[in-house]
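The following report describes selected features of a protein chain. It proceeds from a buried helix to an open sheet, and then to the main pocket.

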Amino acid sequence: IMKTRPKLYINTNHEKNIWHILQKEIFEIERLISNGIKLDHMLITNFDPNDKRDLWRMNILKYVIHNIYITNDKSLIEYIKILPEQCLYFEPVLLQSNIWYNCWEDYHYPVSQNMISFFEILKVKMNIECNLNHIKIINRRDSRQVLDINTLEPIEKTFNIQCAYFEDLNFQEQVDFVKDAKVLIAPHGAGLTNLIFTHPNCLICEISLRKYWFCNPICSLHKNNLIHYSNNCNSNIPYSKYDFKNICRLLNRNYIEIINDGFVPNPNASSLLDHKILLNPNKLVKLIHNQT
C-alpha cells in the first residue's frame, strides 16, 4: 500500500511586521489546518533569531507546526524545487495566503468559526488564561504616538489606566499585558495584532488615522492638488486601513473605532502614518466611563 508522501511547506515570508506575519502567514496556516491538512514539516526562510518580531512569529509557529527547519540560504529553496521527484522525501509546497484578501473583497464576509477555534486552541496550547479585569492602552514611541490634544502629553498620562509600549516588550510580556484586558485601546499599528491573545469578550478600541483619509487609493482631485488633503473628496472609496476592524469581524469580536483629532506635523514624514496623532481625551473618558 502506497502511503501519501509528506509535504514540506516552504515558508518564504520575509515580513518584519507582526501584523503582516499574521496576515500573510498565520492566516494561511489556519486555513490549511482547518481544511484538514497536516503541517508536519515546514522550512522557514528569512528568520533572524535576534529580531523580536521573528521570535514573536516563532512563538506561535512552534505550537502549530510539528517539525520546523530554519535556513536563510535562498539557494536551498531553489535546490529543493529542481530535485528529481524520485529523490524527494518531501514534496515542496510554497505557503501562499488568500483568506485575508477574500475578506477585503467581500465587506459582508462572515464570521470565521474555524479561525475562532484556531486561536482559542492556540491559547490553550500556549497556556494563556484570559480574563476581563482591566482597561489597557498600547501606545507607540514615535510615529503614531497618541497625544492628548490639550496637553500634548502621551494620552495615558491623562488616565489612571495601564499602558505599555510594545517596542520595549518581548513576546511573553506582550501576551501578559493583553490577556486580562476587558478593553484594549491602541492606535492603528502592529501592536494591535496581539488582540488574538485577548478574551473573546474583550472590547477592541482602535484609534484610527482617518481624519484626513478620504480616499485610498488617492483620487485624481487629491493627486493633482485640486483640493486640499484635509477636504473630503466624496469619492466613497472604502477606507483602506480596516485591518483590525476586519479581523475583529472574522473573530466575532466587539470593535470600536475612535477617529483621531489631528496630527503633530513631522517634516520628515513620508505619510500620515509617520506623524504623532492627537486625540480629544473626552472620547476615551466616555469609553472608559461606559466600561466601568
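## Helix α8 and its surroundings

D243, F244, N246, I247, C248 and L250 are the buried residues of α8, where buried means under 20% relative accessible area, exposed over 50%, and partly exposed in between (1.4 Å probe, protein chains only). The helix is mostly covered, with 6 of its 8 residues buried. Helices (H or I, at least four residues) and strands (E, at least two) are DSSP runs, numbered from the N terminus.

The model is predicted: local features need pLDDT of at least 70 and side-chain atom pairs count only at pLDDT 80 or more, while totals for chains, interfaces and linings use all residues. Residues are numbered from 1 along each chain as its sequence is written, and side-chain values use heavy atoms, with hydrogens and water left out.

N252 follows α8 and has a positive phi, near 60°. Between the C-alpha atoms of N252 and V111 the distance is 5.9 Å, although 141 residues separate the two in sequence. V111 belongs to the loop between α4 and α5 (113–125) and, at 34% relative accessibility, counts as partly exposed.

## Positive phi values

Most residues other than glycine have a negative phi. The table lists residues that depart from this pattern.

| Residue | Phi | Location |
|---|---|---|
| N46 | near 55° | loop between β2 and α2 |
| R144 | about 65° | loop between β5 and β6 (146–148) |
| N252 | near 60° | after α8 |

R144 is also buried, with a relative accessible area of 12%.

## The open sheet

An open sheet is formed by 4 strands in the order β3-β2-β1-β4, and the pairing is parallel; two strands pair if DSSP finds at least two bridges between them. β3 (67–70) and β4 (91–94) each have a single partner strand and stand at the edges, so one side of each is left without a neighbour in the sheet. On average, neighbouring strands are turned by 25° against each other, direction ignored; axes are lines fitted to C-alpha atoms, for helices over the stretch in contact, and angles run from 0 to 180 degrees between N-to-C directions. β2 (residues 41–44) is joined to β3 by 4 bridges. M42 has I68 of β3 as its bridge partner.

## Helix α9

In α9 (residues 281–291), P281, L284, L287 and I288 are buried. These residues cover an arc of only 120° around the axis, which puts them on the same side of α9; the arc is that of the directions from the helix axis to the C-beta atoms. The exposed residues N282, K286, H289 and N290 occupy the face turned away from the buried side of α9.

## The largest pocket

The largest pocket has a volume of about 720 Å³. On a 1 Å grid over the protein atoms alone, a pocket is an open set of points where a 1.4 Å probe fits, with protein on both sides within 12 Å along at least five of seven lines; lining residues have an atom within 4 Å of a point. Grid points are joined across faces, edges and corners, and the volume is the space filled by probe spheres set on the points.

The lining of this pocket comprises 36 residues, and N17, R140, G189, A190 and G191 lie nearest its centre. Elements that give two or more residues to the lining include α1 (18–34), β5 (134–139) and α8 (243–250). The largest share, 4 residues, comes from α1. By class, the lining holds 15 nonpolar, 11 polar and 10 charged residues.

Definitions and conventions:
Ala, Val, Leu, Ile, Met, Phe, Trp, Tyr, Cys and Pro count as nonpolar, Asp, Glu, Lys and Arg as charged, and the others, Gly among them, as polar.
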